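Please open the model in a viewer and keep the selection tool at hand. The stops below proceed from one selection to the next.

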Amino acid sequence: MQPEYVDFHCHLDLYPNFEAAIKQCDRTRTATLAVTTTPKAFSRNKRLADKSKFVRAALGLHPQLVATRSNELMLFSQLLDQTRYVGEIGLDASKQHYGSFNIQKEIFKEILLLCAQAGGKILSIHSVRSSTHVLKALADYFPKDRGTAVLHWFTGSKKEVERAVELGCYFSVNQAMLATPTGKRAVSSIPLNRLLTETDGPFVMDGMDVVRPGHVQPALMTLAELLNLQEDDLRFKVIQNLKTMLTHPMVG
Ligand code: MN
């Protein structure tokens, strides 16, 4: 099924009507990664995504929930062979979540080791105030011939973007990220062949409303402007990048 758009990080199950959110992605032919925040949420996501042409469900354990949900790591490992996609996972060193940073690091390490062992997984990774730690963990526990990491809303330095590229990472970019100087700066360093789009809905606003599931057009528009490309060329490039990522995982 040829997609028209790519939304590689969206919390479809956190919209008021989950099934309508899936339908919206199918209607707009948006290849959408439905990320989840706890392993317990995965099975329903998988069941509904399996009926969709354009939505795929990811198994996640969100760093902001690790403080209370680390006991679901066992369930995570039991469910892992049911999907190629993992997320949302990662680290969050913001003030609010710094208290659990040590346990977050332990859980992230365990998840990366499980994924590396399984092989062929594609990961959607959160890295708020922790780009350096996330990249170090990827280098240490997730060799690039064992799977692919997609850095979601990545706002690391130019050097960190370069390091991530060496590690085989892709980057998914949303419209809120493009509205900030750090986000814009990060995007200007990302190679075009590693770029994907996302909404991070429903956590991102589109004007006065919550961004619609799969609605990456504002991100595409801003990105095209920043990169000096035609919007449609960029849209097509992102679709190509997704295909390349899915069919030719990194080797060596
Ligand atoms: Mn998210």
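**A buried glutamate and its partner**

Begin by selecting glutamate 72, which counts as buried at 4% relative accessibility. The model on display is a predicted one. Keep glutamate 72 selected and add arginine 69: the two form a salt bridge, and their closest N and O atoms are 2.4 Å apart. Arginine 69, at 29% relative accessibility, counts as partly exposed. In general, side chains of opposite charge can pair when their charged atoms come close.

**Further salt bridges**

How many salt bridges does the structure hold? There are 7 salt bridges, and two further ones are visited here.

Select lysine 136 and aspartate 140 next. These residues form a salt bridge in which the closest N and O atoms are 2.7 Å apart. Both belong to helix H6 (residues 131–141), and because they are 4 residues apart there, about one helical turn separates them. Lysine 136 counts as exposed, with 53% relative accessibility, whereas aspartate 140 counts as partly exposed at 41%.

Salt bridges with shared partners also join Glu4, Asp232 and Arg235 into one network. Select arginine 235 and glutamate 4 from that network: their side chains meet in a salt bridge at 3.5 Å, N to O. This pair links distant parts of the chain, since arginine 235 sits in helix H10 (residues 231–247) and glutamate 4 in the segment before E1, 231 residues apart. Arginine 235 counts as buried at 16% relative accessibility; glutamate 4, with a relative accessible area of 33%, is partly exposed.

**The manganese site**

Now select the manganese ion. Which residues coordinate the manganese ion? The donors are His9 (NE2), His11 (NE2), Glu88 (OE) and Asp200 (OD), at 2.3 to 2.4 Å. Along the sequence, these donor residues follow the spacing H-x1-H-x76-E-x111-D. Histidine 9 belongs to strand E1 (residues 5–10) and glutamate 88 to strand E4 (residues 85–92), so this pair ties together parts that are 79 residues apart in sequence. Are histidine 9 and glutamate 88 buried or exposed? Both residues are buried.

**Cis peptide bonds**

Stay with glutamate 88 in strand E4 and inspect its backbone. The peptide bond leading from glycine 87 to glutamate 88 is cis, with omega near 15°. Thus a residue that coordinates the manganese ion also takes part in a cis peptide bond.

Move next to glycine 201 and proline 202, which are likewise joined by a cis peptide bond, here with omega of about -5°. Proline 202 is located in the loop between strand E8 (195–197) and strand E9 (205–206).

**Positive phi angles**

Most residues other than glycine have a negative phi, and most peptide bonds are trans. With that background, select arginine 129, whose phi is positive, about 50°, although the residue is not a glycine. Arginine 129 lies in the loop between strand E5 (121–128) and H6. Its relative accessibility is 70%, and arginine 129 counts as exposed.

Then select asparagine 228, another residue that is not a glycine yet has a positive phi, about 60°. The loop between helix H9 (217–227) and H10 holds asparagine 228. With a relative accessible area of 72%, asparagine 228 is exposed.

**Packing of H1 and H2**

Two packed helices are described by the angle between their axes and the distance between the axes. Select helix H1 (residues 18–27) together with helix H2 (residues 42–49): these helices pack at an angle of about 40°, and their axes are 11 Å apart. Angles from 35 to 65 degrees fall in the oblique class, and H1 and H2 are therefore oblique to each other. The crossing in which H1 passes H2 is right-handed. To view the contact itself, display Phe18, Glu19 and Ile22 of H1 with Arg44, Asn45, Leu48 and Ala49 of H2.

**A last stop in a loop**

Finally, select aspartate 81 in the loop between helix H4 (73–79) and E4. Aspartate 81 is exposed, and its relative accessible area is 67%. Add cysteine 115 to the selection: aspartate 81 and cysteine 115 are 34 residues apart in sequence, and their C-alpha atoms are 9.6 Å apart in space.

How values were computed:
Residues are numbered from 1 along each chain as its sequence is written. This is a predicted model: local features need pLDDT of at least 70, side-chain atom pairs count only at pLDDT 80 or more; totals for chains, interfaces and linings use all residues. Side-chain values use heavy atoms; hydrogens and water are left out. Donors are N, O and S atoms within 2.8 Å of the metal (3.2 Å for Na, K and Ca); water is not among the atoms, so sites may look incomplete. Helices (H or I, at least four residues) and strands (E, at least two) are DSSP runs, numbered from the N terminus. Buried means under 20% relative accessible area, exposed over 50%, partly exposed in between (1.4 Å probe, protein chains only). A salt bridge is a side-chain nitrogen of Lys or Arg within 4 Å of a carboxyl oxygen of Asp or Glu. Axes are lines fitted to C-alpha atoms, for helices over the stretch in contact, and angles run from 0 to 180 degrees between N-to-C directions. Angles under 35 degrees count as roughly parallel, over 145 as roughly antiparallel, 65 to 115 as roughly perpendicular and the rest as oblique. A crossing is left-handed if the near helix is turned anticlockwise from the far one by less than a right angle, and right-handed if clockwise. Contact means heavy atoms within 4.5 Å.
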